[in-house]
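Biologist: Could you walk me through this model? I would like to ask about its strands, its core and one loop residue.

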Amino acid sequence: MLMRTDPFRELDRFAQQVLGTAARPAVMPMDAWREGEQFVVEFDLPGIDADTLDIDIERNVVTVRAERPAVDPDREMLATERPRGVFSRQLVLGENLDTERIEASYREGVLSLRIPVAEKAKPRKISVARGNGHQAVDSASKREVIDA
């Protein structure tokens with residue numbers, strides 16, 4: 001039987017395996033949204049052992065790494081579509097987020113990061129008072145009071 005090889009088809013197949021497609025991305029698929037005073041980021045990592053998860057924060061860059069072990073070489077595979085090995089993804093966070101208080105949890109194949117908005121980025125009220133022109137900060141209510 002004669003088989004014809006199309007090099008462009010092979011290149012396309014390889015690119016889909018490495019880069020993924022819109023329907024099946026090869027990297028960690030992610031959703032992100034704001035929920036009140038924090039941002040929530042979720043990564044789909046099915047079949048990943050929680051012990052292989054590694055989250056690093058350097059300045060405003062969060063790096064998430066995970067590993068799915070290689071297939072047992074003694075196993076005769078009929079199909080191998082799930083990517084294996086080490087996966088990594090980086091998020092560049094804005095200066096308005098508090099990277100010191102990020103919380104992470106992993107449940108049912110989903111890694112969730114909760115990133116609070118930094119206090120300095122939250123809106124605040126400034127009250128104007130009449131008087132001798134001094135400024136005071138009301139620490140109990142986190143309001144600045146300006147005497148005019």
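The conversation below goes from the whole chain to single residues.

Modeller: Happy to, and please keep in mind that this is a predicted model, in which local features need pLDDT of at least 70, side-chain atom pairs count only at pLDDT 80 or more, and totals for chains, interfaces and linings use all residues. Residues are numbered from 1 along each chain as its sequence is written, and side-chain values use heavy atoms, with hydrogens and water left out.

Biologist: Thanks! How many helices and strands does the chain have?

Modeller: Helices (H or I, at least four residues) and strands (E, at least two) are DSSP runs, numbered from the N terminus. Read from that end, the elements run α-β-β-β-β-β-β-β-β-β-β. The chain therefore comes to 1 helix and 10 strands.

Biologist: What is the strand order in the open sheet of 4 strands?

Modeller: Two strands pair if DSSP finds at least two bridges between them. S6 and S7 are one such pair, antiparallel over 5 bridges, with Ala104 opposite Leu113 in S7. The strands S1 (30–35) and S6 (103–107) are at the edges with a single partner strand each, so one side of each has no neighbour in the sheet. With antiparallel pairing, the order is S1-S2-S7-S6.

Biologist: And which strands stand at the edges of the open sheet of 3 strands?

Modeller: This sheet is antiparallel and has the order S3-S4-S5. S4 (residues 61–68) shares 5 bridges with S3 (residues 54–58), while 8 bridges join S4 to S5 (residues 85–92). The edge strands have a single partner strand each, so one side of each is left without a neighbour in the sheet: they are S3 and S5.

Biologist: Which residue in the turn of the S3 and S4 hairpin has a positive phi?

Modeller: Let's follow the bridges first: Asp54 has Arg65 as its partner in S4, and Glu58 stands opposite Val61 in S4. The hairpin has 2 residues between its strands. The turn residue with a positive phi, of about 55°, is Arg59.

Biologist: Which strands each supply at least two residues of the largest nonpolar core?

Modeller: A nonpolar core is a set of buried Ala, Val, Leu, Ile, Met, Phe, Trp, Tyr and Cys residues joined through side-chain atoms within 4.5 Å. Here the largest has 18 residues, and those with the most contacts inside it are Met28, Phe43, Leu45, Val62, Val64, Leu93 and Leu113. The strands that each supply at least two of its residues are S2 (38–44), S4, S5 and S7 (110–116).

Biologist: Leaving aside neighbours within four places in sequence, which residues is Leu93 in contact with?

Modeller: Contact means heavy atoms within 4.5 Å. Leu93 is also listed among the core residues with the most contacts inside the core. Beyond its sequence neighbours, Leu93 touches Asn60, Val62, Thr99, Ile102 and Ile115.

Biologist: Last one: is Asp98 buried or exposed?

Modeller: Asp98 is found in the loop between S5 and S6, and a polar atom of its side chain lies 3.1 Å from the backbone nitrogen of Glu100. Outside its neighbours within four places in sequence, Asp98 is in contact with Ile115, Pro116, Val117 and Ala118. Buried means under 20% relative accessible area, exposed over 50%, and partly exposed in between (1.4 Å probe, protein chains only). At 15% relative accessibility, Asp98 therefore counts as buried.

Terms used: A polar contact is a pair of N or O atoms within 3.5 Å; within protein, one must be able to donate a hydrogen and the other to accept it, and residues adjacent in sequence count only if both atoms are side-chain atoms.
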